[in-house]
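Got your viewer open and a selection box ready? Let's take a walk through this one, stop by stop.

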Amino acid sequence: KVDDGRTYEQLPMEENGDVEEQAVEEALESESALVRTAHEILEGQVLQGMIAILIIVNALMIGVETDHPGIFIFDVFERLFLLVFLAECCLKLFVNGCSAYFNMHSDEFL
């Protein structure tokens with residue numbers, strides 16, 4: 001909700017700004033320090049870069065595993081990738097909340 005009681009869906013789209021980004025910023029102002037810190041980590045270039053590298057490495061591992069099935073280390077890496085991606089999803093859910101995370105009208109894929 002916005003300060004005047006309207007929900008995100010009730011806000012008009014502004015020509016010079018992103019309403020969703022403004023709503024997130026307003027929500028962060030009233031949130032705890034933990035949520036603000038988590039949001040800064042999520043939006044940081046370090047985490048974004050690490051996730052991008054993990055996605056590429058995961059894709060490479062899937063390709064290698066296709067040619068060499070049954071090797072134990074692939075199962076270990078698969079579970080590690082799963083834990084990291086699941087942790088990222090949970091952190092985004094914690095920071096953004098369910099309504100923003102599952103917002104079908106957003107131009108961002110969380």
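Start by selecting Arg-36: at 34% relative accessibility, Arg-36 counts as partly exposed, where buried means under 20% relative accessible area, exposed over 50%, and partly exposed in between (1.4 Å probe, protein chains only). Arg-36 sits in helix H2; helices (H or I, at least four residues) and strands (E, at least two) are DSSP runs, numbered from the N terminus. Now add Val-95 to the selection: the two are 59 residues apart along the chain, yet the C-alpha atoms of Arg-36 and Val-95 are separated by 7.9 Å.

Some housekeeping before the next stop. This is a predicted model, in which local features need pLDDT of at least 70 and side-chain atom pairs count only at pLDDT 80 or more, while totals for chains, interfaces and linings use all residues. Residues are numbered from 1 along each chain as its sequence is written, and side-chain values use heavy atoms, with hydrogens and water left out.

**Zoom out: the whole chain**

Colour by secondary structure and you'll find four helices and zero strands. Read along the sequence, that gives α-α-α-α. Of the 110 residues, 18% count as buried. Switch on the surface and the accessible area comes to about 8,500 Å², 62% of it belonging to carbon and sulfur atoms (Shrake-Rupley method, 1.4 Å probe; for residues, only the protein chains shown count as cover). As for contacts (heavy atoms within 4.5 Å), take those with a separation of 6 or more: residues 24 or more positions apart account for 40% of them.

**Select H2 and H4**

Show residues 33-43 for H2 and residues 72-101 for H4. The axes of H2 and H4 come within 9 Å and cross at roughly 130°; axes are lines fitted to C-alpha atoms, for helices over the stretch in contact, and angles run from 0 to 180 degrees between N-to-C directions. H2 and H4 are therefore oblique to each other, given that angles under 35 degrees count as roughly parallel, over 145 as roughly antiparallel, 65 to 115 as roughly perpendicular and the rest as oblique. The crossing of H2 and H4 is left-handed, that is, the near helix is turned anticlockwise from the far one by less than a right angle (clockwise would be right-handed).

Which residues make the contact? Turn on side chains for Leu-34, Val-35, Ala-38, His-39 and Leu-42 on the H2 side, and for Glu-88, Leu-91, Lys-92, Phe-94 and Val-95 on the H4 side. By class, the contact of H2 with H4 has seven nonpolar, one polar and two charged residues (Ala, Val, Leu, Ile, Met, Phe, Trp, Tyr, Cys and Pro count as nonpolar, Asp, Glu, Lys and Arg as charged, and the others, Gly among them, as polar).

Stay here and pick Phe-94, which lies in H4. At 45% relative accessibility, Phe-94 counts as partly exposed. Leaving out residues up to four places away in sequence, Phe-94 touches Leu-34 and Val-35. Draw a distance from Phe-94 to Ala-38: their C-alpha atoms are separated by 8.6 Å, with the two positions 56 residues apart along the chain counted as their separation.

**Click on Glu-88**

Buried or exposed? Glu-88, also in H4, counts as buried at 16% relative accessibility. Setting aside neighbours within four places in sequence, Glu-88 is in contact with Leu-42 and Ile-51.

**Select H3 against H4**

Bring in H3, residues 45-67: the axes of H3 and H4 come within 11 Å and cross at roughly 150°. That makes H3 roughly antiparallel to H4. H3 passes H4 in a left-handed crossing. The residues of this contact divide into eleven nonpolar, one polar and four charged. Among them are Ile-51, Leu-54 and Met-61 in H3, and Phe-77, Phe-81 and Glu-88 in H4.

**Last stop: H2 against H3**

Hide H4 for a moment. H2 and H3 pack at an angle of about 50°, with their axes 4 Å apart, and are therefore oblique to each other. Select Ile-41, Leu-42 and Glu-43 in H2, which meet Gln-45, Leu-47 and Gln-48 in H3. By class, that contact has three nonpolar, two polar and one charged residues.
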